[in-house]
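Subject: A structure for you to look at

Hi,

Here is the structure I promised to pass on. Have a look at it first, and then read my notes with it open beside you.

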Amino acid sequence: VTGYDIDKKTIVITSRFFKKKNLCFISDLNSLGHYDVVTMFQVIEHFSNSFRNEILRRISSEYLKAKGIFICSTPNKLVTSSGLKKPVMVFHICEYTPTTLNKELEKYFKKVKIYGQTEVLEETKATNKIQLIRKNLTRFLSQIEIVRIISRHLPIKFKYLLMGNLVKDRRQYKLVTREEKIKDAITLIAICQN
């Protein structure tokens with residue numbers, strides 16, 4: 001198992017924390033080998049266009065073995081930032097809808113299948129109302145440039161609290177395959193092959 005990150009400090013910290021004989025971490029794209037499975041979870045939305053194009057091309061043509069599988073997940077723009085000029089999350093450069101993610105990945109892979117991941121919730125009217133207020137406030141604030149700049153420097157706990165992700169209960173998720181359900185899924189999951 002090889003873990004890749006562009007940030008060398010992250011590699012140092014991760015290498016100290018996760019120690020296994022069959023596990024290594026690198027920060028050099030040219031040092032990556034050929035793999036049966038390549039995963040990219042909640043990362044593609046952080047890439048510039050040029051780096052995204054380079055990494056997807058290299059995954060499909062260099063890093064995946066024949067019959068290898070590429071699994072990618074990313075937030076669903078239809079849920080996270082629908083109708084907004086900028087993504088709610090300040091570090092996201094580009095968010096995808098099921099259609100735009102499919103089109104992007106089809107440039108590099110012969111087979112692309114998009115799924116959705118939805119949260120199974122036990123909801124009450126009170127929690128729904130609070131979540132709706134928080135969502136609308138977050139959407140409004142995320143479009144103000146000074147708020148975006150300041151929020152980049154907040155500790156992660158404050159960001160999660162603001163975004164409504166700091167929950168102490170155990171969340172449960174399910175995979176959805178029907179197109180109308182995928183549009184409402186918080187996370188998109190793509191499985192790709194050449």
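Below is what was found, starting with a sheet and ending with a pocket.

Please keep in mind that this is a predicted model.

The sheet
Five strands form an open sheet in the order β3-β4-β7-β5-β6, and their pairing is mixed. At the edges stand β3 and β6 (172-176); each has a single partner strand, so one side of each is left without a neighbour in the sheet. From one strand to the next, the twist averages 20°.

Try following β3 (35-41) into its partner. It pairs with strand β4 (residues 64-75) in the parallel sense, over six bridges. If you want one pair to find on screen, threonine 39 has isoleucine 71 in β4 as its bridge partner.

Helices on the sheet
Helix α2 packs on the sheet, where it touches β3 and β4, and its direction makes about 155° with that of β4. Helix α4 (residues 98-106) lies across β4, β5 (111-120) and β7 (187-193), and runs at about 145° to β5.

The second largest pocket
This pocket holds about 840 Å³ of space. Its lining has 25 residues, and those nearest the centre are Thr2, Gly3, Tyr4, Asp5 and Thr39. So which strand gives the most to the lining? That is β3, with seven residues. At least two residues each come from β1 (2-4), α1 (8-17), β3 and α2 (49-63). By type, the lining divides into 18 nonpolar, five polar and two charged residues.

Enjoy exploring!

Best wishes

Technical notes: Residues are numbered from 1 along each chain as its sequence is written. This is a predicted model: local features need pLDDT of at least 70, side-chain atom pairs count only at pLDDT 80 or more; totals for chains, interfaces and linings use all residues. Side-chain values use heavy atoms; hydrogens and water are left out. On a 1 Å grid over the protein atoms alone, a cavity is a set of points where a 1.4 Å probe fits but cannot get out, and a pocket is an open set with protein on both sides within 12 Å along at least five of seven lines; lining residues have an atom within 4 Å of a point. Grid points are joined across faces, edges and corners, and a volume is the space filled by probe spheres set on the points. Helices (H or I, at least four residues) and strands (E, at least two) are DSSP runs, numbered from the N terminus. Ala, Val, Leu, Ile, Met, Phe, Trp, Tyr, Cys and Pro count as nonpolar, Asp, Glu, Lys and Arg as charged, and the others, Gly among them, as polar. Two strands pair if DSSP finds at least two bridges between them. Axes are lines fitted to C-alpha atoms, for helices over the stretch in contact, and angles run from 0 to 180 degrees between N-to-C directions. Contact means heavy atoms within 4.5 Å.
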